[in-house]
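This report describes selected features of one model, taking the covered helix, the enclosed spaces, the aromatic pairs and two single residues in turn.

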Amino acid sequence: MLQQKIPATVITGFLGAGKTTMIRNLLQNAGGKRIALIINEFGDLGVDGDVLKGCGAEACTEDDIIELTNGCICCTVADDFIPTMSKLLERENRPDHIVIETSGLALPQPLIAAFNWPEIKTQVTVDGVITVVDSAAVAAGRFADDHDKVDALRVEDDNLDHESPLEELFEDQLTAADLIVLNKTDLLDAAGVLAVRDEVASRIARKPSMIEAKNGEVAAAVLLGLGVGTEDDIANRKSHHELEHENGEEHDHDEFDSFVVELPAIAEPAAFIERLKGVIAEHDVLRVKGFADVPGKPLRLLIQAVGTRIDNYFERAWAAGETRGTRLVVIGLHDMDEQAVRAAIAAAV
Ligand SMILES: Nc1nc2c(ncn2[C@@H]2O[C@H](COP(=O)(O)OP(=O)(O)OP(=O)(O)O)[C@@H](O)[C@H]2O)c(=O)[nH]1
C-alpha cells in the first residue's frame with residue numbers, strides 16, 4: 001500500500017528566539033494531531049527536552065519526543081538525524097506530523113537537504129520551514145552591531161571571509177524560511193515592530209510571509225499545513241557558507257562555544273539573577289539556561305537568559321531519584337573567556 005508522505009515542519013531561529021515556547025504552545029493546541037518532536041540543542045543539559053516533556057500535552061507524549069544531543073543537527077545529519085528519522089518511520093504507530101526544533105546555532109540548509117536522501121524522500125516531505133525571530137534582539141541591533149569590528153578584523157586577517165557570525169547565521173536562518181514569526185513583540189511598540197519587519201525583509205531576497213507573535217502564540221493551523229515541500233526548493237536558499245564554499249567544505253561551529261557550570265544551592269535567587277545579569281553584560285554572553293536548587297523549595301527554579309534579559313520561575317518538583325543541584329549552560333562567541341565567566345558566575349552565588 002502506498003503510504004502518504006508525513007509532513008515535517010522545521011522550526012529554526014537564533015538562540016533564545018522563542019522556538020521551544022512556540023512549540024510548547026503548539027503541542028497544547030494541536031487539534032488532535034499526533035506529533036513526533038525531534039529536538040536539537042546546543043549545550044548538553046537537555047533543558048528544552050525537559051520543558052517540553054513537562055508540558056503534558058496529549059498531542060505529543062514523552063515517547064514522541066526525541067532529543068538529538070551530539071552537536072548541531074546541521075553537522076550530524078548523516079550520523080544522527082537520518083538514523084533517527086528512519087527509526088521513527090519504522091514505528092507501527094506513525095505520527096501525523098513531525099516537528100523538528102533545530103538548535104539556535106544550526107544552519108537549516110543541510111537539514112532540509114537531507115529530506116532528499118532516498119530513504120527519507122519517499123516517506124516524508126518538509127511541510128515548511130518556520131524561522132522564529134527575537135524582535136527585541138533585532139531592534140537592539142544584536143545581529144548588526146559589529147560591522148566595524150568585523151571589517152577591521154578582515155583587514156588584519158585575509159582568511160576572515162565571514163561577516164559577523166551572528167549576522168551571518170541570522171540571515172541564513174531567514175533565507176531558509178517559508179514563514180517568519182516575529183516573536184516577542186510584547187517588548188516593542190508598534191513602530192519598533194514595523195522597523196523590525198523592514199530590517200528582516202531587507203536581509204533576504206525571497207519574500208516569505210511574516211507574522212507577529214507574543215510568547216510564540218500562533219495557531220496550529222497557521223504553523224502546520226504550509227504544504228511547501230521545501231526540500232525541492234533548497235537550491236534557491238543557499239547559506240552564506242554554501243555560497244562561499246561551493247567546493248563543499250564542512251561547516252562548523254567554531255565561532256561559538258558552550259560549557260556547563262555546576263554551582264551550589266542558590267539561597268537568594270533574586271540577588272543571584274541580578275548579579276548574573278552583570279556577568280552576562282560584562283562578558284557579552286549570548287545565552288544562559290538551566291536550573292537551580294533553592295534551599296527549602298520543593299520545585300526547581302528554571303533560569304533562562306537571552307542576553308541580559310533573564311526569566312526565572314519555579315518549574316517542576318525535583319523528581320524522585322533526581323539529585324538537587326544547580327546547573328547552567330552558558331553559550332557565547334568563541335572568544336568568550338570561559339575561565340573568567342565561570343569564576344564570575346561562581347562569585348555571583
Ligand atoms: N518577553 C517575551 N519573552 C519570550 C517570548 N517568547 C519566549 N520568551 C522567553 O524567551 C526565553 C527563551 O525562549 P525559548 O523558547 O527557550 O527560546 P529558544 O529559541 O527555544 O531558545 P534556544 O533553544 O536556546 O535557542 C524564555 O525565557 C522565554 O520565556 C515573548 O514573546 N516575549
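A residue is called buried when its relative accessible area is under 20%, and in helix α1 that term applies to Lys19, Thr20, Met22, Ile23, Asn25, Leu26 and Leu27. The model is a predicted one. Helix α1 spans residues 19-28 and is mostly covered, seven of its ten residues being buried.

**The open pocket**

Helix α1 also contributes to the largest pocket, where it supplies the largest share of the lining, namely four residues. This pocket holds about 660 Å³ of space, and of the 31 residues that line it, Gly16, Gly18, Thr21, Gln304 and Asp311 lie nearest its centre. The elements that give two or more residues to this lining are α1, α2 (47-53), β9 (287-292), β10 (299-306) and β11 (309-317). By class, the lining of the largest pocket is made up of nine nonpolar, eleven polar and eleven charged residues.

**The closed cavities**

Apart from the pocket, the structure holds two cavities of 30 Å³ or more, which are set side by side below.

| Cavity | Volume | Lining by class |
|---|---|---|
| Largest cavity | about 40 Å³ | seven nonpolar, three polar, one charged |
| Second largest cavity | about 30 Å³ | four nonpolar, one polar, three charged |

The largest cavity is lined by Gly13, Phe14, Ala17, Thr131, Val132, Val133, Asp134, Phe143, Phe170, Gln173 and Leu174. Two elements, β5 and α8 (165-175), give two or more residues to that lining, and β5 gives the most, with four residues. Around the second largest cavity the lining consists of Val138, Gly141, Arg142, Phe143, Ala144, Phe170, Glu199 and Arg203. Phe143 and Phe170 therefore appear in the linings of both cavities, given that a lining residue has an atom within 4 Å of a cavity point.

**Aromatic pairs**

Phe14, Phe143 and Phe170 form one aromatic cluster. A pair of aromatic rings is described by the distance of the centres and the angle of the planes. The count of aromatic pairs comes to four. In one of them, the rings of Phe14 and Phe143 have their centres 5.3 Å apart and their planes at 85°, so the pair is edge-to-face. Phe14 lies in the loop between β1 (6-12) and α1, whereas Phe143 lies in the loop between α6 (135-139) and α7 (147-156), so the pair ties together parts that are 129 residues apart in sequence. Both Phe14 and Phe143 are buried.

Phe81 and Phe115 form another aromatic pair, this one tilted, with 5.6 Å from centre to centre and 55° between the planes. Since Phe81 lies in helix α3 (residues 77-90) and Phe115 in the loop between α4 (108-113) and α5 (118-121), this pair ties together parts that are 34 residues apart in sequence. Phe81 is buried, because its relative accessible area of 0% is under 20%, and Phe115 is likewise buried, with a relative accessible area of 0%.

**Asp134, at the end of strand β5**

Asp134, one of the residues lining the largest cavity, lies in strand β5, which covers residues 124-134. Is Asp134 buried or exposed? Its relative accessible area is 9%, and since this is under 20%, Asp134 counts as buried. A polar atom of the Asp134 side chain lies 3.0 Å from the backbone nitrogen of Ala137, and a polar contact of 3.2 Å joins the side chains of Asp134 and Lys184. When neighbours within four places in sequence are left aside, Asp134 is in contact with Gly16, Ala17, Asn183, Lys184 and Val306. Of these contacts, Gly16 is among the residues that lie nearest the centre of the largest pocket, while Ala17 is one of the residues that line the largest cavity.

**Val228, in a loop**

Val228 lies in the loop between α10 (220-223) and α11 (240-244). With a relative accessible area of 38%, which falls between the limits of 20% and 50%, Val228 is classed as partly exposed. Its contacts, leaving aside neighbours within four places in sequence, are Val126, Asp127, Gly128, Asp178 and Arg237. The C-alpha atoms of Val228 and Arg34, which stand 194 residues apart along the chain, are separated by 20 Å.

Definitions and conventions:
Residues numbered from 1 in each chain as written. Predicted model: local features only at pLDDT ≥ 70, side-chain atom pairs only at ≥ 80, totals over all residues. Heavy atoms only, no water. Buried < 20%, exposed > 50% of the residue type's maximum accessible area, 1.4 Å probe, protein only. Polar contact = N/O pair within 3.5 Å; in protein donor to acceptor, adjacent residues only side chain to side chain. Contact = heavy atoms within 4.5 Å. 1 Å grid on protein atoms, 1.4 Å probe; cavity = no way out; pocket = protein on both sides within 12 Å on 5 of 7 lines; lining within 4 Å. Points joined across faces, edges and corners; volume = space filled by probe spheres on them. Nonpolar A, V, L, I, M, F, W, Y, C, P; charged D, E, K, R; others polar. Phe/Tyr/Trp six-rings, centres within 6.5 Å; stacked < 30°, edge-to-face > 60°.
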